[in-house]
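Please open the model in your viewer and keep a selection panel at hand. The tour starts with a term, moves to one helix, and then steps back to the whole chain.

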Amino acid sequence: MYDYVTVDVEKMTRQLKVTKTNDGDFEVNIELVLKIDANEYPGYHLYIRDTVKKLNTDLSQQLTREANDVLDKIKEANCDYLAIGRRVQAHHYSDWRNMEWKEMYPNIQMKANVKVEIITHGIIN
């Protein structure tokens with residue numbers, strides 16, 4: 001069984017939300033929607049609707065796992081690559097003034113969710 005697919009991202013939308021929880025902590029949720037063109041898929045049964053649905057689900061799950069792994073790694077490195085601190089500073093300034101951001105950042109809960117939708121398939125559309 002083949003276990004790869006080659007894709008081009010045709011359109012991407014991202015929503016990054018930073019919210020303050022009831023206990024005063026912050027959490028980050030990232031929703032990412034990818035509309036893709038599946039260029040190459042072994043077995044190539046993308047004309048079957050159920051195959052496309054399954055591939056959408058499989059790609060969404062795999063990319064969600066990988067995105068969450070990346071979030072864990074940047075938190076571990078204490079790297080605020082997504083500028084979460086700027087959002088906290090802009091929207092929760094009174095909290096921002098009273099915290100040590102470099103100490104708090106690695107403890108923030110971050111979760112990504114990726115949704116993939118195959119909109120076309122094949123090299124020739």
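In this tour a residue is called exposed when its relative accessible area is over 50%, and buried when that value is under 20%. The model is a predicted one.

With those cut-offs in mind, select helix α2, residues 84–91, and pick out Ile84, Gly85 and Val88, which are its buried residues. These residues cover an arc of only 100° around the axis, which puts them on the same side of α2. Now turn to the other side of α2, where Arg86, Ala90 and His91 are exposed.

Which elements cover the buried residues of α2? Add to the selection β1 (6–20), β2 (26–40), α3 (93–97), α4 (101–104) and β3 (109–121), since what covers those residues includes these elements.

Next, colour the whole chain by secondary structure, and four helices and three strands appear, running β-β-α-α-α-α-β from the N terminus on. The radius of gyration is 19 Å, well over the 14 Å that the globule rule gives for 125 residues, so the chain is more spread out than a compact globule. If you align the view to the principal axes, the C-alpha trace spans about 55 × 25 × 25 Å.

Keep the whole chain selected and display contacts: among those between residues at least 6 apart in sequence, 73% join residues at least 24 apart. Buried residues make up 30% of the 125 residues.

Finally, show the surface, of which the chain exposes about 8,900 Å², with carbon and sulfur atoms supplying 49% of it. Colouring by charge brings up 17 positive and 20 negative side chains, the centres of the two sets lying 6 Å apart.

Note on methods: Residues numbered from 1 in each chain as written. Predicted model: local features only at pLDDT ≥ 70, side-chain atom pairs only at ≥ 80, totals over all residues. Heavy atoms only, no water. Buried < 20%, exposed > 50% of the residue type's maximum accessible area, 1.4 Å probe, protein only. Helix = DSSP H or I, 4+ residues; strand = E, 2+ residues; numbered from the N terminus. Arc of directions from axis to C-beta. Contact = heavy atoms within 4.5 Å. Rg over C-alpha atoms; globule rule 2.2 N^0.38 Å. Areas by Shrake-Rupley, 256 points an atom, 1.4 Å probe, with all protein chains shown as cover. Lys, Arg positive; Asp, Glu negative; His and termini not counted. Charge placed at Lys NZ, Arg CZ, Asp CG, Glu CD.
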